[in-house]
Amino acid sequence: MPTILITGASAGIGAALARVYAEKGWDLILTARREAALTALAEEIWKTHGQTATVITADLADPNAPAQLVAAITERGLTVDGLINNAGFSRTDGFLTTDPAAHDAMLQVMLLAPVALSRLLMPGMVQRGFGRIINVASLAGHMPATGGDTLYGPIKSFLIKASQGLWLEARGTGVHVTALCPGYTLTEFHDVNGSREEVSAAYPAWMWQTAEHVARVGYEACEANRPQVTPGAMNNVMKALAKLLPNGAALKMVGGHAERLDRL
Ligand SMILES: NC(=O)c1ccc[n+]([C@@H]2O[C@H](COP(=O)([O-])OP(=O)(O)OC[C@H]3O[C@@H](n4cnc5c(N)ncnc54)[C@H](OP(=O)(O)O)[C@@H]3O)[C@@H](O)[C@H]2O)c1
């Protein structure tokens with residue numbers, strides 16, 4: 001039975017990916033900070049799919065967490081065949097008014113932890129001739145950066161490019177690498193960053209996707225070894241527009257986004 005490590009599995013897209021992988025016959029290692037939510041999900045997965053889900057809590061804002069997490073997995077005698085770097089959050093108050101510690105945490109959780117976990121776990125996958133890596137990036141990584149959540153888009157662009165490089169390096173090894181780039185998705189994300197009311201008012205229901213849909217698209221894309229996938233037709237139109245428009249016009253497009261959210 002292959003085993004997949006999913007970060008940020010206590011909610012949203014991470015929990016949805018856990019359910020999809022369990023349904024496909026994978027065992028799971030679930031990590032995040034909230035133990036109770038992870039344990040409830042592990043119990044649900046055992047009851048529904050009969051797959052084992054091991055819970056190991058970690059705060060990925062701690063630079064030592066990736067190595068400690070892998071050590072804890074090894075201590076339990078588990079082998080990691082798949083890795084989903086999904087944990088993430090944003091800050092929407094603007095670059096200068098956000099606590100620098102929050103920016104450090106963003107970079108650590110969403111950029112440095114995925115790099116560290118890939119570096120620690122990918123060699124074993126290559127050696128065994130089988131592996132799956134999904135980096136949960138964002139449509140924001142394909143767009144010009146927005147004011148307000150200034151670092152979020154650039155971090156996600158990094159993940160998309162890093163996934164492309166890993167995909168190239170992994171060709172022919174049996175290891176698949178995919179950057180999953182969702183648009184607006186119904187999860188706890190916008191509650192955590194405090195923008196729920198604004199985004200719900202600014203963006204109609206049809207622009208929102210469910211975490212389950214995003215997870216299924218991500219699973220299929222990684223099985224097909226697509227280096228990048230963006231769920232949803234409208235999100236793909238926006239991605240194409242951002243590529244085709246001259247920089248100035250593309251910046252105006254996302255400038256409109258920041259104004260709608262009353263951030264600038
Ligand atoms: N929702 C969207 O519209 C959207 C769109 C594009 C991309 N994404 C990306 O999708 C990914 C998942 O987000 P989501 O929408 O599912 O949000 P969510 O429901 O808020 O889930 C975020 C997950 O990340 C975990 N996490 C946050 N900080 C962490 C830390 N310091 N250490 C360990 N785990 C941490 C949370 O767990 P704990 O709080 O228990 O630690 C939670 O499990 C993120 O990378 C996000 O950027 C989301």
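A residue counts as near the ligand if one of its heavy atoms lies within 4 Å of it.

**View 1. The shell around the ligand in this predicted model.** The ligand is surrounded by 32 residues. The closest are Ser10, Arg33, Asn86, Tyr152 and Thr187. Sorted by class, the shell holds 17 nonpolar, 10 polar and 5 charged residues.

**View 2. Polar side-chain contacts to the ligand from serine 10, aspartate 59 and lysine 156.** Serine 10 places a polar side-chain atom 2.7 Å from a ligand oxygen atom. Aspartate 59 has a polar side-chain atom 2.8 Å from a nitrogen atom of the ligand. In lysine 156, a side-chain N or O atom is 2.9 Å from an oxygen atom of the ligand. On its own, the ligand has 880 Å² of accessible area, and the protein covers 96% of that.

**View 3. Helices that contribute to the ligand shell.** Three elements give two or more residues each: α1 (12-23), α5 (152-170) and α6 (189-192). The largest share comes from α6, with 3 residues.

**View 4. Cysteine 181 and cysteine 222, two buried residues.** Cysteine 181 has 0% relative accessibility, so it counts as buried. Cysteine 222 also counts as buried, because its relative accessibility is 0%. Why does the sulfur of cysteine 181 form no bond with the closest cysteine sulfur? That sulfur, in cysteine 222, is 13 Å away, which is too far for a bond. A disulfide requires two cysteine sulfur atoms within 2.5 Å. Seen from cysteine 222, the closest cysteine sulfur is that of cysteine 181, at 13 Å. The disulfide count is 0.

Notes
Residues numbered from 1 in each chain as written. Predicted model: local features only at pLDDT ≥ 70, side-chain atom pairs only at ≥ 80, totals over all residues. Heavy atoms only, no water. Polar contact = N/O pair within 3.5 Å; in protein donor to acceptor, adjacent residues only side chain to side chain. Areas by Shrake-Rupley, 256 points an atom, 1.4 Å probe, with all protein chains shown as cover. Helix = DSSP H or I, 4+ residues; strand = E, 2+ residues; numbered from the N terminus. Nonpolar A, V, L, I, M, F, W, Y, C, P; charged D, E, K, R; others polar. Buried < 20%, exposed > 50% of the residue type's maximum accessible area, 1.4 Å probe, protein only.
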